[in-house]
Amino acid sequence: MTTVLVVDDEPMVRDVVTRYLERDGHRVVTAGDGSAARGLIERESPNLVLLDVMLPGETDGLALCRWIRSTSDLPVILLTARVDEADRIVGLELGADDYVTKPFSPRELVMRVKTVLRRARPSPPPRDRISVGALMIDAAKHEARRDGELLDLTAKEFDLLWFLASNANRVFSRDQLMHRVWGYSAALDTGTVTVHVRRLREKVEEDASRPRLLETVWGVGYRLSA
C-alpha cells in the first residue's frame with residue numbers, strides 16, 4: 001500500500017482528498033503546515049506528497065518542495081489557487097512532478113496521483129544503455145553522463161531524456177511528450193514540458209542558449225539529435 005501525504009491548511013480539502021485517496025487504496029497522512037509536513041516526511045517516508053503552495057507559517061509549499069527536492073526524488077504534486085503561468089512555472093522549476101489548480105476534481109486528482117506514482121520508478125526499458133553524442137544514458141543505474149561526467153538529473157528529467165534518446169531524431173509535440181512521459185494528456189498546457197526541456201538543456205548542452213542535442217523544431221515540438 002502506498003502512502004500519500006496531503007499537506008493543506010484547509011481541513012475540508014484534506015478530508016475530501018483523503019476520502020478519495022483511501023477509496024482508491026492508498027494510506028493517507030495529513031498535515032496543515034510545512035513544519036508538520038516535514039516531520040511526517042521524515043517519519044512516515046510517504047510515496048508521494050500532495051502539497052498546497054499557500055501554507056501558513058515560515059515554510060510555505062514552495063519552500064517545502066525545494067527542501068524535498070534537495071534531499072530526494074519523492075514525487076510532489078502542487079495544489080494551488082494561483083492561476084498565473086509564472087506561479088506554475090516556479091513550482092515546476094523547483095522539481096514538482098505535476099501542478100493542479102484549485103478548485104479541482106477529486107477524481108482527476110486521484111488519477112494524477114496514480115499516474116505520477118506509476119511513472120516515479122519506471123521499470124528499466126529493454127535496452128540498458130543509449131549513447132547519443134557525448135551523452136551516455138544508463139537505464140539500469142538511472143543515470144546519465146556527458147563526456148564521462150555524471151549529470152544531476154531529477155527522476156522526471158531522466159525519464160524525458162531516456163524517451164527522447166530512445167527515439168533519437170524523431171520530433172514529439174508537447175502533448176505527445178505529456179502522454180508518453182508523464183502518462184496523461186493535459187487539458188491545459190501547464191508548462192510542464194517546456195520547463196523540463198529548459199532544465200534538461202542546461203544540463204546536457206555545452207551551451208544551453210545554442211542547443212545542438214535537444215533541439216526545438218519550431219511549431220512542432222522537440223527532438224534529441226543523434
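**Two sheets and the helices around them**

Let me begin with one pair of residues: D138 has E143 in β8 as its bridge partner, and the strands in question, β7 (residues 135-138) and β8 (residues 143-146), run antiparallel and are joined by 4 bridges. What I am showing is a predicted model, in which local features need pLDDT of at least 70 and side-chain atom pairs count only at pLDDT 80 or more, while totals for chains, interfaces and linings use all residues. Residues are numbered from 1 along each chain as its sequence is written, and side-chain values use heavy atoms, with hydrogens and water left out.

As for terms, helices (H or I, at least four residues) and strands (E, at least two) are DSSP runs numbered from the N terminus, and two strands pair if DSSP finds at least two bridges between them.

The strands I started with belong to an open sheet of 4 strands, ordered β6-β7-β8-β9, with antiparallel pairing. At its edges stand β6 (129-132) and β9 (149-150), each with a single partner strand, so one side of each has no neighbour in the sheet. Helix α6 packs on this sheet and touches β6, β7 and β8, its direction making about 110° with that of β7; contact here means heavy atoms within 4.5 Å, and axes are lines fitted to C-alpha atoms, for helices over the stretch in contact, with angles running from 0 to 180 degrees between N-to-C directions.

The other sheet is also open, with 5 strands in the order β2-β1-β3-β4-β5 and parallel pairing. Its edge strands, β2 (27-31) and β5 (98-101), each pair on one side only, and neighbouring strands are turned by 20° against each other on average, direction ignored. Strand β4 (residues 76-80) is joined to β5 by 4 bridges, with L78 standing opposite Y99 in β5. Helix α1 (residues 11-23) packs on the sheet, touching β1 (3-7), β2 and β3 (48-52), and its direction makes about 165° with that of β2.

Now to the helix pairs, and which residues of α6 meet α8? They are K156, E157, L160 and L161, which face H196, V197, R199, L200, K203 and V204 in α8. The axes of α6 (residues 155-166) and α8 (residues 192-204) come within 10 Å and cross at roughly 80°, and the two helices are therefore roughly perpendicular, given that angles under 35 degrees count as roughly parallel, over 145 as roughly antiparallel, 65 to 115 as roughly perpendicular and the rest as oblique.

With α7 (residues 174-182), the axis of α8 comes within 9 Å, again at a crossing of roughly 80°, which makes this pair roughly perpendicular too. R174, L177, M178 and W182 in α7 meet T192, V193, T194 and H196 in α8.

H196 therefore deserves a word of its own: at 2% relative accessibility it counts as buried, where buried means under 20% relative accessible area, exposed over 50% and partly exposed in between, with a 1.4 Å probe and protein chains only. Leaving out residues up to four places away in sequence, H196 touches A96, K156, E157, L160 and W182.

Finally, T216 lies in strand β10 (residues 214-217) and, at 26% relative accessibility, counts as partly exposed. Beyond its neighbours within four places in sequence, T216 is in contact with R201, G221 and Y222.
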